[in-house]
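I opened my notebook beside this one and jotted down what I looked up, in the order I went. Have the sequence and the model at hand and follow along.

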Amino acid sequence: MAMPPWLQLMADSLPSLLYAGMMFTVPLTLLSFAGGLALGLVVALVRLFGPRPLVLLVRGYSWLVRGTPLLVQLFVIFYGLPRVGIVFDPFPAALLGFVLSVGAYTSEVIRAAIASVPKAQWEAAYSLGMSWSQAMRRTILPQAGRVAVPPLANSFISLVKDTSLAAVLTVPEMFQAAQRIAATTYEPLLLYLETAFIYLLLSTVLTWLQERLEKRFDRHVAPVGATA
């Protein structure tokens, strides 16, 4: 029995959407989050322990990025910077925009998580002869990680969906693949619903993994405030 035309269209388009997701959406998400997380950690440490000039600099960066739309930032990087001689290909432009955005938001999460660790934990680490870096690595960051995991996981899930904005920079990720197919089949509703379902499925799986990760941290990480 032949499938209905609308179902056949969705079945035919699925491989192209999944291919675009695996080749562009997933790498863009992973690279952006890894780079943004590293940047966020540096910014958070500067905010908490850096000299005042650097503190003012990173606070300005965070204020600018968090106070402007991500779509505008992507347009500035890809379409605006060439006017001053700075040109990026689509994928690097999208990657830069997402890293800067993730870095600004995760820096606030990490800063708050580190600040939530009681001062007594620092004192306990120093009493054991640890240096600042050792105390940070062995005592403070593990406890701060337990606090930071849920919001950081939420940021990652949001990033998966935000990568669809890369379509405006002509990055051939999943949403742009849907746009291309819709332009030739004249069935935008079906294609966009199918794409939305794929994003929904990814978000559901990631949410499940987030819950498992949180439970693992609850079992293996000592509560904040426990003696070192």
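**Entry 1: the whole chain**

What percentage of the residues in the chain is buried? I found that 36% of the 228 residues are buried. I noted at the outset that I am working from a predicted model.

Next I went through the secondary structure. I listed eight helices and zero strands, so my sketch of the order along the sequence, by the helix rule used here, reads α-α-α-α-α-α-α-α. For the overall extent, I looked up the box that the C-alpha atoms fill along the principal axes, and it comes to roughly 75 × 50 × 25 Å.

**Entry 2: the largest pocket**

I wanted to know where there is open space. Rolling a probe the size of a water molecule over the atoms shows where empty space is left. For the largest pocket I wrote down about 330 Å³. Helices α1 (5–49), α4 (90–115), α6 (132–162) and α8 (188–220) each give two or more residues to its lining.

Which helix gives the largest share of that lining? I found that α6 does, with eight residues. In total I have 16 lining residues on my list, and Leu-37, Gly-145, Ala-148, Val-149 and Leu-152 lie nearest the centre of the pocket. Then I sorted the lining by character: 15 residues are nonpolar, one is polar and none is charged.

**Entry 3: charged pairs**

Side chains of opposite charge can pair when their charged atoms come close. How many salt bridges does the model have? My count is two.

I looked up Arg-47 and Glu-108 to start with, and their side chains meet at 2.9 Å, N to O. This pair links distant parts of the chain, since Arg-47 sits in helix α1 and Glu-108 in helix α4, 61 residues apart.

The other bridge joins the side chains of Glu-108 and Arg-111, at 2.8 Å, N to O. Glu-108 and Arg-111 are three residues apart in helix α4, so about one helical turn separates them.

I drew Arg-47, Glu-108 and Arg-111 as a network of salt bridges. Is Glu-108 buried or exposed? Glu-108 has 17% relative accessibility, so I marked Glu-108 as buried. For Arg-111 I have 25% relative accessibility, so Arg-111 goes down as partly exposed.

**Entry 4: a nonpolar patch**

I turned to the surface next. Phe-197, Leu-200, Leu-201, Val-205, Trp-208 and Leu-209 form a nonpolar patch there. Together these residues have about 620 Å² of accessible area.

I picked out Trp-208 for a second look and found it in helix α8. Its relative accessible area is 45%, so I wrote "partly exposed" next to Trp-208.

**Entry 5: a buried alanine**

My last stop was Ala-177, which lies in helix α7 (residues 174–185). Ala-177 has 2% relative accessibility, so Ala-177 counts as buried.

How far apart are Ala-177 and Tyr-19 in sequence and in space? I read 158 residues along the sequence and 9.2 Å in space, from C-alpha to C-alpha.

Definitions and conventions
Residues are numbered from 1 along each chain as its sequence is written. This is a predicted model: local features need pLDDT of at least 70, side-chain atom pairs count only at pLDDT 80 or more; totals for chains, interfaces and linings use all residues. Side-chain values use heavy atoms; hydrogens and water are left out. On a 1 Å grid over the protein atoms alone, a cavity is a set of points where a 1.4 Å probe fits but cannot get out, and a pocket is an open set with protein on both sides within 12 Å along at least five of seven lines; lining residues have an atom within 4 Å of a point. Grid points are joined across faces, edges and corners, and a volume is the space filled by probe spheres set on the points. Helices (H or I, at least four residues) and strands (E, at least two) are DSSP runs, numbered from the N terminus. Ala, Val, Leu, Ile, Met, Phe, Trp, Tyr, Cys and Pro count as nonpolar, Asp, Glu, Lys and Arg as charged, and the others, Gly among them, as polar. Patches are made of residues with over 30% relative accessible area and no salt bridge: like charges are joined within 9 Å, nonpolar side chains (Val, Leu, Ile, Met, Phe, Trp, Tyr) within 5 Å. Accessible areas come from the Shrake-Rupley method with a 1.4 Å probe; for residues, only the protein chains shown count as cover. A salt bridge is a side-chain nitrogen of Lys or Arg within 4 Å of a carboxyl oxygen of Asp or Glu. Buried means under 20% relative accessible area, exposed over 50%, partly exposed in between (1.4 Å probe, protein chains only).
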